[in-house]
Amino acid sequence: MTYRAPSLAAILVLALGLPLTGCGLQPMYAGGASSPVAQGLAAIEVPAIPGRDGWLVRNALRDRLGAAGDQGGYRYRLDVRLDDALEALGVLNDDTISRELRILRSRYQLVDISTGEILLDATAGSDAGIDVVSSEYATIAAEQRALENLAEEVASRMVTRVALTLRERERDAAQ
């Protein structure tokens, strides 16, 4: 049996990890699916949101919340309003558009269903640039793909903010 010295990488990981234990930093989903945050996210109902952008955002939210199958028994409701805009950015000398900006913004509220209390009232948004090419089909496809990507991004930002709110609420209830 030979002695093997710890690698430099292992020493660095330990040295960098020690200061974090004293600052109260902890994983948001500590405890996995049974953690209070994960349970809270799974207990959020997302009502229908009008339009194609609403359908995309709602599906992305439900995927991230773990509520893809309607279990019922929801404790919270996430009300979402969307604003989807397509703006011309680059205009050429012959007045044709060469670049567009797709903007997706959401205003959302997390509501405690039992009390009607608004726990979170926030906004999230993202935008994407689109090249306008000579093929109309390609431009429309790029606009649709941008909307799909924006819906995923906005939903991700919303779920992160909701998870932080639920974690703070759980921490306050424990004290």
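In what order do the 4 strands of the open sheet lie? The order is 1-2-3-4, and the pairing is mixed.

This is a predicted model, in which local features need pLDDT of at least 70 and side-chain atom pairs count only at pLDDT 80 or more, while totals for chains, interfaces and linings use all residues. Residues are numbered from 1 along each chain as its sequence is written, and side-chain values use heavy atoms, with hydrogens and water left out.

**View 1. The open sheet of 4 strands.** Strand 1 (44-45) and strand 4 (118-131) are the edge strands. Each pairs on one side only. Strands pair if DSSP finds at least two bridges between them. Strands (E, at least two residues) and helices (H or I, at least four) are DSSP runs, numbered from the N terminus.

**View 2. Strand 2 beside strand 3.** Strand 2 (residues 76-91) and strand 3 (residues 97-112) run antiparallel. They are joined by 15 bridges. Asp 83 stands opposite Arg 105 of strand 3.

**View 3. Helix 3 on the strands.** Helix 3 (residues 51-65) lies across strand 1, strand 2 and strand 3. It runs at about 130° to strand 2. Axes are lines fitted to C-alpha atoms, for helices over the stretch in contact (heavy atoms within 4.5 Å). Angles run from 0 to 180 degrees between N-to-C directions.

**View 4. Helix 3 against helix 4.** The axes of helix 3 and helix 4 (residues 136-174) come within 8 Å and cross at roughly 45°. Helix 3 is therefore oblique to helix 4 (angles under 35 degrees count as roughly parallel, over 145 as roughly antiparallel, 65 to 115 as roughly perpendicular and the rest as oblique). By class, their contact has 10 nonpolar, 2 polar and 5 charged residues. Ala, Val, Leu, Ile, Met, Phe, Trp, Tyr, Cys and Pro count as nonpolar; Asp, Glu, Lys and Arg as charged; the others, Gly among them, as polar. Helix 3 residues in the contact include Leu 56, Ala 60 and Arg 64. Helix 4 residues there include Leu 147, Ala 151 and Glu 152.

**View 5. Ser 126 in strand 4.** Ser 126 counts as buried because its relative accessibility is 12% (buried means under 20% relative accessible area, exposed over 50%, partly exposed in between; 1.4 Å probe, protein chains only). Leaving aside neighbours within four places in sequence, Ser 126 has contacts that include Ile 103, Arg 105, Leu 150 and Arg 157.

**View 6. Glu 168 in helix 4.** Glu 168 has 46% relative accessibility, so it counts as partly exposed. Its C-alpha atom is separated by 9.5 Å from that of Val 37. The two residues are 131 residues apart along the chain.
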